[in-house]
Amino acid sequence: MPEIIVEGGHRLRGELHIQGSKNAVLPILAASVLPEGETVLTHVPVIGDVAVSLEILSALGVSVSLADGRLTLCADSLCGDEVPRELGARMRSSVLFLGSLLGRRQKVRAAFPGGCAIGSRPVGLHLSVLRQLGAEISSGGNGLCGRVGRFTGGVVALPFPSVGATEQALLAAASAAGDTVIRGAAREPEVQILCDFLGACGAKIRGQGTAEIRVMPAPLHGCHFEIPGDRIAAGTYLAAAAATAGDVTVRGIPPEHLKSSLAVFRLLGCRVDEGEDWVRLVREGMLRPVPRLETGPYPGFPTDMQPLILPLLALASGESRLRENLFENRLGLAGELNRLGADIRVCDRLAVIHGVRSFTGSSVAASDLRGGAGLLVAALAARGVSRITGRRYIERGYEEPERNLTALGAAIRLIG
């Protein structure tokens, strides 16, 4: 079984240039079936979820070529309207192909999307978005089927700022017959990046970064577009520095994308310095507890960072309380951290953490992407050797994390 072997106790020091954003590139790949002509994406992360997306695109007839982070796509030869079941079931963001394929092919078939087991992530809101723009969608034991003559445009009202549903609305609106207004839109940087990509392809979009986005469709053409740095990957390496009393600088990421996470690192007692496209974290003393912390939509504390902060709270000198407001199973990491010596009690969506002086190496299992990264952070701080199974989850979203961490001074090797 593939494992990550970590010898803890090494202080991390140095600099890293952050990979392209996983959460930004995946909706852009779904959008790439819409424009005519060649699209070139640079700074594309070589990760598991991107590989699955490229397999889906190839199965649909899209020309795909990836080398050294440069991805060339052309959907002029698009001939399919079905997301292969075995591929769609491996990745949550496969649901975004519904809107783009309906926009391009006027029909679509897909399996229910898969991904990490972090809680209920129903597709009902995605289907509601498509129906509000004129599509007919049915769901059943064979998955999802949809048809549309052409998306109509209009008003899409979201009951809460769902990132995925906002992206779905953007993909559908980009090929609609008229303007679309998305109310209650998510404000995450990844949504803004998708707007920038669609704009580079010719769409006219206003209001990105606010709760109301207006899309004025136009013929879409290929473009050159660079994928920005991954704010969660950046936060992961900063968390690893905090866990090991380290000194790490991450480059290629706007600090404003990490604003709420950097505020938490400062509450924990770390020194954080910022530049135009870099962040440096230094930890010299003990970690401090955070009496109250909860996840929320952007610009709140991101749920993806929660599993990376949880190990730090478990090492802080006092009691902390962490509430997960988005995914009901995302605190499942607590049990594995307790195997390393943490003292975490979970009741529903609230974790009560009593800090311990140190972790002790043990065998633990990753069961989702960010939880696996959280185990890496904890293992780096532990005394002795830890064995982490479930490596495939981590590789879904991180490009060669073992190489990056080794460059910072960690002792990591892969088995299997």
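This short talk covers one sheet with its packing helix, and then one aromatic pair. Before I start, please keep in mind that this is a predicted model.

Let's begin with the sheet. It is open and built from three strands, in the order 6-8-7, with antiparallel pairing. Which strands stand at the edges? Those are strand 6, residues 107-110, and strand 7, residues 136-140; each has a single partner strand, so one side of each is left without a neighbour in the sheet. As for the twist, neighbouring strands here are turned by 10° against each other on average, ignoring direction.

Now, if you zoom in on strand 6 and strand 8, the latter being residues 143-147, you'll find them running antiparallel and joined by four bridges. A handy place to look is Arg109, which stands opposite Cys145 in strand 8.

And what packs on this sheet? That is helix 4, residues 97-105, which touches strand 6, strand 7 and strand 8. The direction of helix 4 makes about 150° with that of strand 6.

Let me move on to the aromatic rings. The count comes to one aromatic pair, formed by Phe197 and Phe225. How are the two rings arranged? They are edge-to-face, with 5.6 Å from centre to centre and 80° between the planes; anything over 60 degrees counts as edge-to-face, which is why the pair gets that label.

What I like here is where the partners come from. Phe197 sits in helix 7, residues 189-200, while Phe225 belongs to strand 13, residues 224-226. The two are 28 residues apart, so the pair links distant parts of the chain. Are they buried or exposed? Both Phe197 and Phe225 are buried.

Thanks, everyone, and I'm happy to chat.

Methods: Residues numbered from 1 in each chain as written. Predicted model: local features only at pLDDT ≥ 70, side-chain atom pairs only at ≥ 80, totals over all residues. Heavy atoms only, no water. Pairing = 2+ DSSP bridges. Axes fitted to C-alpha atoms, helices over the stretch in contact; angles between N-to-C directions. Contact = heavy atoms within 4.5 Å. Phe/Tyr/Trp six-rings, centres within 6.5 Å; stacked < 30°, edge-to-face > 60°. Buried < 20%, exposed > 50% of the residue type's maximum accessible area, 1.4 Å probe, protein only.
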